[in-house]
Amino acid sequence: MEEGIEIVTRQSFLSDPSDAIKNLRRQDARIIVGLFYVVAARRVLCEMFKQQLYGRAHVWFFIGWYEDNWYEVNLE
């Protein structure tokens with residue numbers, strides 16, 4: 001693209017996001033847009049931390065309607 005932005009991949013998963021995150025990392029994705037329910041969003045956050053897909057070079061957008069402190073409440 002003229003702006004230097006390219007959609008490199010699309011990933012989906014049913015319950016375990018580890019392969020999807022691995023593929024994002026392999027494709028060198030830098031801006032990641034996710035549409036998740038809260039439980040899946042928590043799994044993605046954990047997996048992105050484990051696989052080190054975060055930091056100054058990565059931006060994550062979680063699209064959805066989440067309660068305040070959704071990442072801390074009802075963790076069972």
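## A residue just after a helix

Which residue just after α1 takes a positive phi? The answer is D28, with a phi of about 60°. This is a predicted model, so keep in mind that the values here are computed from its atoms.

D28 also has a partner. Its side chain meets that of R30 in a salt bridge, with 3.0 Å from N to O. D28 is partly exposed, at a relative accessible area of 46%, and R30 is partly exposed too, at 39% relative accessibility.

## The chain as a whole

Let's step back and look at the overall layout. The chain has two helices and two strands, and reading from the N terminus, these elements run α-β-α-β. In residue numbers, α1 covers 18-26, β1 covers 31-35, α2 covers 38-50 and β2 covers 59-63.

The C-alpha atoms fill a box of roughly 45 × 25 × 25 Å, taken along the principal axes. Of the 76 residues in the chain, 28% are buried. Consider the contacts between residues with a separation of 6 or more: 69% of them join residues 24 or more positions apart.

## The nonpolar core

Now look inside. The largest nonpolar core has 12 residues: I21, L24, A29, I32, F36, A40, A41, V44, M48, L53, W60 and W70. Both α1 and α2 supply at least two residues each to this core. The element that gives the most is α2, with four residues.

One member to find in the structure is W60. Setting aside its neighbours within four places in sequence, W60 is in contact with I21, L24, I32, V44, M48 and L53.

## A buried loop residue

Where does L53 lie? You will find L53 in the loop between α2 and β2. L53 counts as buried because its relative accessible area is 2%, and the cut-off for buried is under 20%.

What does L53 touch, if residues up to four places away in sequence are not counted? Its contacts are I21, L24, R25, A29, I32, M48, H58 and W60. Take L24 as an example: L53 and L24 are 29 residues apart along the chain, and their C-alpha atoms are separated by 8.4 Å.

## The inner side of helix α1

Helix α1 has several buried residues, namely S18, A20, I21, N23 and L24. These buried residues pack against β1, α2 and β2. Two of them, I21 and L24, have already appeared as members of the nonpolar core.

Helix α1 also holds a salt bridge, in which the side chains of K22 and D19 meet at 4.0 Å, N to O. How far apart are K22 and D19 in the helix? They are three residues apart in α1, which means that about one helical turn separates them. K22 is partly exposed, at 43% relative accessibility.

## Surface and charge

How many salt bridges does the structure hold? There are two, and you have now met both: K22 with D19, and R30 with D28.

For charged side chains in general, the chain has 9 positive and 11 negative ones. The centres of these two sets lie 7 Å apart. Finally, the accessible surface of the chain comes to about 6400 Å², and 52% of this surface belongs to carbon and sulfur atoms.

Key. Residues are numbered from 1 along each chain as its sequence is written. This is a predicted model: local features need pLDDT of at least 70, side-chain atom pairs count only at pLDDT 80 or more; totals for chains, interfaces and linings use all residues. Side-chain values use heavy atoms; hydrogens and water are left out. A nonpolar core is a set of buried Ala, Val, Leu, Ile, Met, Phe, Trp, Tyr and Cys residues joined through side-chain atoms within 4.5 Å. Buried means under 20% relative accessible area, exposed over 50%, partly exposed in between (1.4 Å probe, protein chains only). Contact means heavy atoms within 4.5 Å. Accessible areas come from the Shrake-Rupley method with a 1.4 Å probe; for residues, only the protein chains shown count as cover. Lys and Arg count as positive and Asp and Glu as negative; His and the chain ends are not counted. The place of a charge is taken as NZ of Lys, CZ of Arg, CG of Asp or CD of Glu.
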